[in-house]
Amino acid sequence: MSRSSDAAAPGYSRLFRNREFRALWFGSALGTVSTSMAGLALGLLVHAQTGSALLTALVVFGPSLAQLFGASSLMSAADTVQPRILLATTAGAIAAAFAAQAALDLAPVGRLAIVVCASFALSLASGARWGLLADVVSADGYALARSAMNVSVGVMQVVGFALGGLLVAWLSPAPIFWFAVVTSLAGALVSWFGIGKHPSRRAGRPGLGVTWAANGLLLSRHSTRWLLLALCVPNGLVAGCEALFVSYSPSSAALFFMAGAAGMLAGDILMGRILTGHSRRIVAEWLRLLLPVPFLVFLCNPSVAVAAVMVAIGSIGYAASLGQQELLVALTPRELTGQLLGAESSARVAFQGLAAALAGALAEFVSTGLAIGLLSLTSVAVSLALIPGLRRAAASVPLVRPVYASH
């Protein structure tokens, strides 16, 4: 059945009538709750042990650098292994990592090593999830579906940080890690029983050579290079700001993280559900600037309430990535969808880890508020510099009228 305009795009309710989309959504939601709870508990634990902004930022965000290793070594598994197997296995591995955090009395270095291993598993899961999402929804519905997935992340980050903040006031970190274990295992079961036996998109075994052949395609095209830079660098620098929330105000860190998740949720609904494809391209340019600018308020050492409001407003700008990811899907051959989308996701998260390390190191020499302000200023400058290249990338993918398929 054809429709005459983007404005006729189906809503979230139609997506949730798709059984496999529901499984992807709930699996992602449960994984987000578990990692949010565990991340907050881990950050507070290491900060209490060391008092170091650098170590705290490294433990909370630094392990995401391991996702870049996953993207550059075994990400071809996202297209050569059945998605159900890969998603369930990685969720089980992450549950095991949280169990080790709960059961073992470790130094910060040991905890960092465990989270690095979990982050490697997360990188492979992201490739399987985003590749399968592109298969179970129509091409014109991808932005809406990705928006709905991001909504699950935003909502469940609020839930996870709220639960973590509540539990940490009453319990030691170990029980919070056990909650995360149970939630991760539930996500593994949802993936196993909710997703069908999809065949792999291409034959062969995952390996370094196969992975880098596809990664070379991502990096060789001018359009995808600009998109990759835009998805990684400005967002990553703002994530570096977020890595300093615990050091800026340990007692208010959960509130800041919740405010950021709420802002992301609002932006995803705006981009995925309300705007049309043409509007997304226009609005994305402004959202890229909205993201870092409100974080400049930290230069003035604002009150907790003012800072939380500005974090929420700025985090709406993360939704600019939806339009960029939509363009990336249009530029990607189907048989490489899982790997290239996984590589993009892992590179984006890895740069967040790199920026977190930079933020932590900077905060060792200047005040935390000043460090956040400097990072946000750099993000503004990068966003402005990327505008010409992104406009050329968007011009290479013409808008098409949607034709909706039944799933």
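**Entry 1. Charges over rings**

I began with the contacts between charged side chains and aromatic rings, and I noted that Arg 146 lies over the face of Trp 130, at 3.6 Å from the ring centre. I keep in mind throughout that this is a predicted model. I then looked up Arg 84 and found its charged end over the ring of Trp 192, 3.9 Å from the centre of that ring.

**Entry 2. Aromatic pairs**

I searched the whole structure for aromatic pairs, and the search returned 10. I took up Phe 16 and Trp 25, whose ring centres are 5.4 Å apart; their planes stand at 70°, so I recorded the pair as edge-to-face. The cut-off for that label is an angle over 60 degrees. I also looked up the accessibility of both partners. Phe 16 has 24% relative accessibility and therefore counts as partly exposed, while Trp 25, at 11%, counts as buried.

I turned next to Phe 295 and Phe 298, and asked at what distance and angle their rings pair. Their centres are 6.3 Å apart with 20° between the planes, and the pair is stacked. Both of these phenylalanines are buried. I noted further that Phe 295 and Phe 298 belong to one aromatic cluster, together with Phe 245, Tyr 248, Phe 256 and Phe 257.

**Entry 3. Helix α11**

I checked the length of helix α11, which runs over residues 222-242. Its 21 residues, at 1.5 Å a residue, should span 30 Å, and I found the end C-alpha atoms 30 Å apart, which agrees. I also recorded a bend of about 30° in α11 at Gly 236. Is the helix mostly buried or exposed? I found 17 of the 21 residues of α11 buried, so the rest of the structure largely encloses this helix.

**Entry 4. A cavity beside α11**

I looked for cavities of 30 Å³ or more and counted three. I examined the second largest, which holds about 50 Å³ of space. Its lining consists of Ala 230, Pro 234, Asn 235, Arg 288, Leu 291, Gly 317, Ala 320, Ser 321 and Gln 324. I then asked which elements give two or more residues to this lining, and they are α11 and α16 (320-330).

**Entry 5. Helix α9**

I repeated the length check on helix α9 (residues 173-194), which has 22 residues. I found 32 Å from its first C-alpha to its last, close to the 32 Å expected at 1.5 Å a residue. I also listed the buried residues of α9, which include Ile 176, Phe 177, Val 181, Thr 183 and Ser 191. Glycines are among them as well, namely Gly 187 and Gly 194.

**Entry 6. Two loop residues**

I looked up Leu 104 and placed it in the loop between α6 (83-103) and α7 (108-136). Its relative accessible area is 44%, so I entered Leu 104 as partly exposed. I also compared its position with that of Ala 174: the two are 70 residues apart in sequence, and their C-alpha atoms are 9.1 Å apart in space.

I closed with Asn 301, which has a positive phi of about 50° although it is not a glycine. I located Asn 301 in the loop between α14 (277-290) and α15 (304-315). With a relative accessible area of 52%, Asn 301 is exposed, because the cut-off for that class is over 50%.

Conventions:
Residues numbered from 1 in each chain as written. Predicted model: local features only at pLDDT ≥ 70, side-chain atom pairs only at ≥ 80, totals over all residues. Heavy atoms only, no water. Helix = DSSP H or I, 4+ residues; strand = E, 2+ residues; numbered from the N terminus. Expected span 1.5 Å × (residues − 1). Bend = angle between axes of the 7 residues up to and from the residue. Buried < 20%, exposed > 50% of the residue type's maximum accessible area, 1.4 Å probe, protein only. Phe/Tyr/Trp six-rings, centres within 6.5 Å; stacked < 30°, edge-to-face > 60°. Lys NZ or Arg CZ within 6 Å of the ring centre and 35° of its normal. 1 Å grid on protein atoms, 1.4 Å probe; cavity = no way out; pocket = protein on both sides within 12 Å on 5 of 7 lines; lining within 4 Å. Points joined across faces, edges and corners; volume = space filled by probe spheres on them.
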